[in-house]
Amino acid sequence: MSRPYWNETLETLPAGQLRKLESAALQKQMAYVYATSPYYRKKFDSVGLKPADIQCQEDLAKLPFTEKTELAQTQREGELIGPNQCASMEDIIRIVGTGGTSGQPMRLAWTQNDVRGYNEMGARALWAMGCRPSDFVVNCFNYSIYAGGVTDHMAFETLGATVLPYGVGNSRRLLDMKADMKVEKALYSTPSYAIRLASVAEEMGINLRDLNVKKGFFSGEAGMQVPGYRERIENLWGMEAHDLYGMAELGVQSAECEHNTGLHFSGAGEVIAELINPDTEEVIPMEHGQIGELVFTNINREASPLVRMRTHDYVEVYTDPCPCGRTGFRFHTRGRTDDMVVIKGVNIFPMAIQKTLLAMQPRLTGEFQMVLDKAPPIDYLPILKVEVASGQPAAALPQLTEDVALQLYKQLGFSANIEFVKAGEIASEHKTKRVIRNY
Ligand SMILES: [Zn+2]
């Protein structure tokens, strides 16, 4: 199949037509959540609105936000799904647990229709990033506590690709198996797992380039657009690496097309996106070059729909035409607002540190972790763990410490206590935590 889109109609729909279609779905969805969830009814009542007051995307700004923490809290108190459950157990067919990037593990529920919607959006994104029915994908996401396991597996199947469910753990066996299967393969994992596998392969005496893994689909972590990161993975594996942004709670996926112009939002007809200023909470127009936090609303979800859910993902938006012809907006993630650390009054995103450290290859791997013992604002970073590339002599470390400190100060304007660790110690099989908060 050589068609350029998974769903040509929705992915290339002119903005005016999409708006009409989405306004109708939004009206229906608002009536649905109001009728089925006392939690959402309370949100409407708190601002004196009825579902009929929400006619189009701009009207959403009148409603309060939904925070993941509110929902996670009720699950900890014993609820299976939480107050945003709108469908009965009779209609719910799947519960998926998420690992919780922000320390908030959550259970999500799905009806048949919700699974259809997720698979549809997933297939759009996967197709955009070059996945085709002839691909053989080894899925290295956790199948038990991470939505990227089962749900993304289903999206690959929907597209028609062949998927091998591997999950996480036992990296050595994975590499052995990949070596055994001579056929051309694709890897689906976090980007940092692809880096971690490089350390394991080195210990095993395996050259990743011999494994015939030609495509890498990466999700779960931001940073693929950091200069040097993608190239490093591509060089290690001899593959083409593609970036995918997924938000399991919403069921929305976004991916880069072959022109690498940012992540194409794949939620047309299923999810409405808004951009807000995370501090003032005011809506920012979704226009080219604008920067803000993404907020999403499901307009076709039944089991546990979300209305104005704050993602805490800080993005830059692009709306100029992409040569591929997709009409929705595109974006690059800059980082998560809850991973942001304020040092000496300056907002530092982990991606900025990553960029600085990646520029110091081959002495460093580029992997790192911040450890905070007290809540920001802070004047310096008490512990910055930094992976040293294998083969660096111990005698070179004092100079390397000085160099890292100098670069961080020069590029980002802050000081840190640097603690070196061995290659492969920080990059994890799952999602690599960039900020550890011990307070
Ligand atoms: Zn494109």
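**Exercise 1. Work out which geometry the 4 donor atoms make around the zinc ion in this predicted model.**

Let's start with the angles. The 4 donor atoms subtend angles of 101 to 119° around the zinc ion. Four donors count as tetrahedral if all angles lie between 85 and 135 degrees. The arrangement around the zinc ion is therefore tetrahedral. For reference, the ideal angle for four tetrahedral donors is 109.5 degrees.

**Exercise 2. Identify the donors of the zinc ion and place them along the chain.**

First, the atoms: SG of C257, NE2 of H264, SG of C322 and SG of C324 coordinate the zinc ion, at 2.1 to 2.3 Å. Next, the chain: these donors follow the spacing C-x6-H-x57-C-x1-C. Finally, a look at burial: both C257 and H264 are buried, where the cut-off is under 20% relative accessible area.

**Exercise 3. Lay out the open sheet of 4 strands and find what packs on it.**

Step one is the order. Reading across, the strands run β19-β18-β17-β20, and the pairing is mixed. At the edges sit β19 (416-422) and β20 (435-437), each of which pairs on one side only. From one strand to the next, the twist averages 25°.

Step two is a closer view of one pair. Strand β17 (residues 364-372) and β20 run parallel and are joined by 3 bridges. Here L372 stands opposite R437 in β20.

Step three adds the helix. Helix α11 (residues 397-412) packs on the sheet and touches β17, β18 (381-388) and β19. The direction of α11 makes about 130° with that of β19.

Notes. Residues numbered from 1 in each chain as written. Predicted model: local features only at pLDDT ≥ 70, side-chain atom pairs only at ≥ 80, totals over all residues. Heavy atoms only, no water. Donors = N, O, S within 2.8 Å, 3.2 Å for Na, K, Ca; no water. Tetrahedral: all angles 85-135°; square planar, octahedral: opposite > 155°, others 65-115°. Buried < 20%, exposed > 50% of the residue type's maximum accessible area, 1.4 Å probe, protein only. Pairing = 2+ DSSP bridges. Helix = DSSP H or I, 4+ residues; strand = E, 2+ residues; numbered from the N terminus. Axes fitted to C-alpha atoms, helices over the stretch in contact; angles between N-to-C directions. Contact = heavy atoms within 4.5 Å.
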